[in-house]
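Visitor: Please take me through this structure, beginning with the strands.

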Amino acid sequence: MTVTGQTPLFIYTYAFREEEHSLCRLEMRAFFGEDTEASLIASPIGIHPDRSPFLRERIEVVHASDRLDEVVELAKQIHMGDETFKVIFVKTNDLGPADKWDYDRQRGIERDIGLSIEGEADVHHPDVTYGLVTLEGRWYLGYYTKSKAIWLDHMKKPRSYSIALSTRVARAVANIAVPEVAGVKAIDPCCGIGTVLVEALSMGIDIEGRDYNHFIAKGARENVAHFGYDARVAFGDIADVTEHYDVAIMDMPYNHFSTSTPEAQFALLEQARRIADKAVIITVDTIDGMIADAGFVIRDRGVVRKSHFIRQVIVCD
């Protein structure tokens, strides 16, 4: 159910570490075509909050108004039937310090809306949860969904690799590469122990992996199987790939831990251009010139920091 007579509208709340702010905004742009410095964003595009390591909550708007008392009145149009419900005041909002609501006031408006809704309230195990949030001076009431942070479970892999991407970064990278899952075929041709593969597979992305190190490819297969996913993880060089893909995700080898040369990195980029229409490239080096020489055009970018260690995430087609 959405606001009567209007296109669907979703309000999302975000939380991120400062070192991941740039990556979070890059993911926002991939999902919604825009970003914001704020911790909330409104969009007609529906993304389940479980997908993102940064999304915390989603409100699928049912009623909206510039006036809170009008939202309370509009809530009378909600008829629950046999389902139980509860109402929560979403704590993340853009109210200024002087306008922040204290606990008692928040609980009071929850009760007021709850009394307007026709049905049985259940604050412990409701069938439906409604969220109330304010954004840019407007109040929104709608179906509330909280992220389950599925990616946390993926930290417990049977095989690990010290320089692998974190599950948070890997999940964001998969979203940046494949914001819309349907009909997209992806490859991670330098998949390592499969961190990106696991995150992508958990979101229903059609992806396969490959690595030129036999033992690492074997570890990736073990990690994928450990979480109950099924995907092809091949041993071999990217040059051996004959199929074509919509997108390639490439965490480039880097000289701190690898004997990779600039020539080898360029060869990887050329092969990625050959097999994929789009690429998301993760690199610690500045390789814009290589990317252009390989035939890609850089469309967007972000960075993720860990102390003084900086990875660039570059979107190309």
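**Strands, helices and cores**

Guide: Strands β12 and β14 run antiparallel and are joined by five bridges; two strands count as paired if DSSP finds at least two bridges between them. Within this pair, Ile 281 is opposite Ile 314 of β14. The model is a predicted one, in which local features require pLDDT of at least 70, side-chain atom pairs count only at pLDDT 80 or more, and totals for chains, interfaces and linings use all residues. Residues are numbered from 1 along each chain as its sequence is written, and side-chain values rest on heavy atoms, with hydrogens and water left out.

Visitor: How many helices and strands are in the chain?

Guide: The chain has eight helices and 14 strands. Both are DSSP runs numbered from the N terminus: helices are H or I with at least four residues, strands are E with at least two. Along the principal axes, the C-alpha atoms fill a box of roughly 65 × 35 × 35 Å.

Visitor: Back to β12, then. What is the strand order of the open sheet with β12 and β14?

Guide: The order is β10-β9-β8-β11-β12-β14-β13, an open sheet of seven strands with mixed pairing. β10 (233-235) and β13 (298-306) are at the edges with a single partner strand each, so one side of each has no neighbour in the sheet. From one strand to the next, the twist averages 20°.

Visitor: What is the sense of the pairing between β11 and β12?

Guide: Those two strands are parallel, with six bridges, and Tyr 245 is found opposite Ala 276 in β12. Towards one edge, β9 (residues 206-211) and β10 also pair in the parallel sense, over three bridges. There, Gly 209 has Val 233 of β10 as its bridge partner.

Visitor: Is β12 largely enclosed or open, and why?

Guide: Six of its eight residues are buried, so β12 is largely enclosed by the rest of the structure. Buried means under 20% relative accessible area, exposed means over 50%, and partly exposed lies in between (1.4 Å probe, protein chains only). Over the 317 residues of the chain, 51% count as buried.

Visitor: Which strands does helix α7 lie across?

Guide: Helix α7 (residues 262-275) lies across β8 (185-188), β11 and β12, at about 150° to β12. Such angles run from 0 to 180 degrees between N-to-C directions, with axes fitted as lines to C-alpha atoms, for helices over the stretch in contact. Contact means heavy atoms within 4.5 Å.

Visitor: Changing topic: what is the strand order in the sheet with β2 and β5?

Guide: This open sheet has seven strands in the order β2-β1-β3-β7-β6-β4-β5, and its pairing is mixed. β2 (40-43) and β5 are the edge strands, each pairing on one side only. Ignoring direction, neighbouring strands of this sheet are turned by 40° against each other on average. At the β5 edge, β4 and β5 pair in the parallel sense over three bridges, and His 79 is opposite Glu 118 in β5. Helix α1 lies across β1 and β2, at about 165° to β1.

Visitor: And α3, what does its buried side pack against?

Guide: Its buried residues pack against α2 (68-74), β4 (79-89), β5 (118-121), β6 (128-135) and β7 (138-146). Among the buried residues of α3 are Gln 106, Arg 107, Ile 109, Glu 110 and Ile 113.

Visitor: How far apart are the end C-alpha atoms of α3?

Guide: They are 20 Å apart, which agrees with the 20 Å that the 14 residues of α3 (residues 103-116) should span at 1.5 Å a residue. The expected span is 1.5 Å times one less than the number of residues.

Visitor: Now the interior. Which residues of the largest nonpolar core touch the most other members?

Guide: Of its 44 residues, these are Tyr 12, Tyr 14, Leu 23, Ile 205, Ile 207 and Val 313. A nonpolar core is a set of buried Ala, Val, Leu, Ile, Met, Phe, Trp, Tyr and Cys residues joined through side-chain atoms within 4.5 Å. Helix α4 supplies the largest share of this core, seven residues. A second, separate core of 22 residues includes Ile 187, Cys 190, Val 241 and Met 252.

Visitor: What does Leu 23 touch?

Guide: Beyond residues up to four places away in sequence, Leu 23 touches Phe 54, Val 169, Ala 172, Ile 176, Val 303, Val 304 and Val 313.

Visitor: One last residue: is Glu 199 buried or exposed?

Guide: Glu 199, in helix α5 (residues 195-202), is buried, with a relative accessible area of 0%. Its side chain is joined to that of His 154 by a polar contact of 2.8 Å. A polar contact is a pair of N or O atoms within 3.5 Å; within protein, one must be able to donate a hydrogen and the other to accept it, and residues adjacent in sequence count only if both atoms are side-chain atoms. Leaving aside neighbours within four places in sequence, Glu 199 is also in contact with Trp 151, Thr 167, Ala 170 and Arg 171, among others.
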